[in-house]
Amino acid sequence: GYLATKRQDGEMQKYTFSPSSFGYGNGNCPRYWYMAFNGAYFIDSNDSQAIANMAQGTQAHDRIQALIKKMSGSVKSVALETEIKNEYPPIRGFIDVILDWDSTQVIGEIKTAKQEVWDSRQADMAPTSNHLLQLLTYMKLRNAEEGFFLYENKNNHELLTLPIIMNDHFRRWVDQAFDWMREVYASWKRQELPQKPYRSNSKICKVCPIQKACAEAETGVIKIRPLELLEDEKL
């Protein structure tokens, strides 16, 4: 039943980078984005448990967003699931929460985490790097200096709030990510296929939705390093 709800395999073409995708796995791969922009055959390798997990995350988002909408006091307005676009590099995404808090725009992202991930987030009081890059992208595009993560523990629904303030390192890191996207997009415009940045038997390639199409494609003519290598400091 779960498998029947997943996206059907088939030809697909992407036109924008997705903030929820880059920063993790195949979202860091220049060759993946090139081929996605060109159009490729996508194969969804998620099993029923993964699909159930994603469905649970969606339900948690809806529930928590409904609660945030009822907030009062210092919050003057709340916008939920706000679409955001950027022309170059082409980016399209949806911001979970935008608050007007004491006349300050605050960008929020809601995440769910299983117990071991929750414990790590609580111990470090910091989000994962891919989650952070997603939020920083939204903050950059909205010219916002303040943001937050709201993590929910899947086991007991406990909430953890992690405030994020834009600083020089974060600004430099997200600017590097934008430069990387421009480089990848320019390679696609020139029709210069990037070479594989990973071994074919790497964990990233094994779960990539276009693994088969990538393996059958040409070797590539240029080298572009993965996005994840641009992070030069511990966050």
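Student: Which residues of helix α1 are buried?
Tutor: This is a predicted model, in which local features need pLDDT of at least 70 and side-chain atom pairs pLDDT 80 or more, while totals for chains, interfaces and linings use all residues. Residues are numbered from 1 along each chain as its sequence is written, and side-chain values use heavy atoms, without hydrogens and water. Buried means under 20% relative accessible area, exposed over 50% and partly exposed in between, with a 1.4 Å probe and protein chains only. In α1, a DSSP run (helices are H or I of at least four residues, strands E of at least two, numbered from the N terminus), the buried residues are P30, R31, Y32, W33, Y34, M35, A36 and F37.

Student: Why is α1 described as largely enclosed by the rest of the structure?
Tutor: Helix α1 spans residues 30-38. The cover over its buried residues includes β1 (10-12), β2 (40-42), α5 and α7 (211-216). The helix is largely enclosed because the buried part amounts to 8 of its 9 residues.

Student: Which residue just after α1 takes a positive phi?
Tutor: The helix itself covers residues 30-38. With a phi of about 100°, the residue just after α1 is G39.

Student: Which residues form one aromatic cluster?
Tutor: Aromatic pairs in this structure number 10. From α1 come Y32, W33 and F37, which are also among its buried residues. The full cluster is F17, Y32, W33, F37, F42, Y88, Y185 and W188.

Student: Are the rings of Y185 and W188 stacked, edge-to-face or tilted, and why?
Tutor: Both residues are buried, and they are separated by about one helical turn because they stand 3 residues apart in helix α5 (residues 168-189). Rings of Phe, Tyr and Trp (its six-membered ring) pair with centres within 6.5 Å; planes under 30 degrees apart are stacked, over 60 edge-to-face, the rest tilted. Here the centres are 5.4 Å apart and the planes lie at 40°, so the pair is tilted.

Student: Which residue in β4 is the bridge partner of K85?
Tutor: Strands β3 (residues 75-86) and β4 (residues 91-101) pair in the antiparallel sense over 10 bridges; pairing requires at least two DSSP bridges. The two strands form a hairpin with 4 residues between them. Across it, K85 is bridged to R92.

Student: How many helices and strands does the protein chain have?
Tutor: Along the sequence, the pattern is β-α-β-α-β-β-β-α-α-β-β-α-α-α. Of the 235 residues in the chain, 43% are buried. The count is 7 helices and 7 strands.

Key
Contact means heavy atoms within 4.5 Å.
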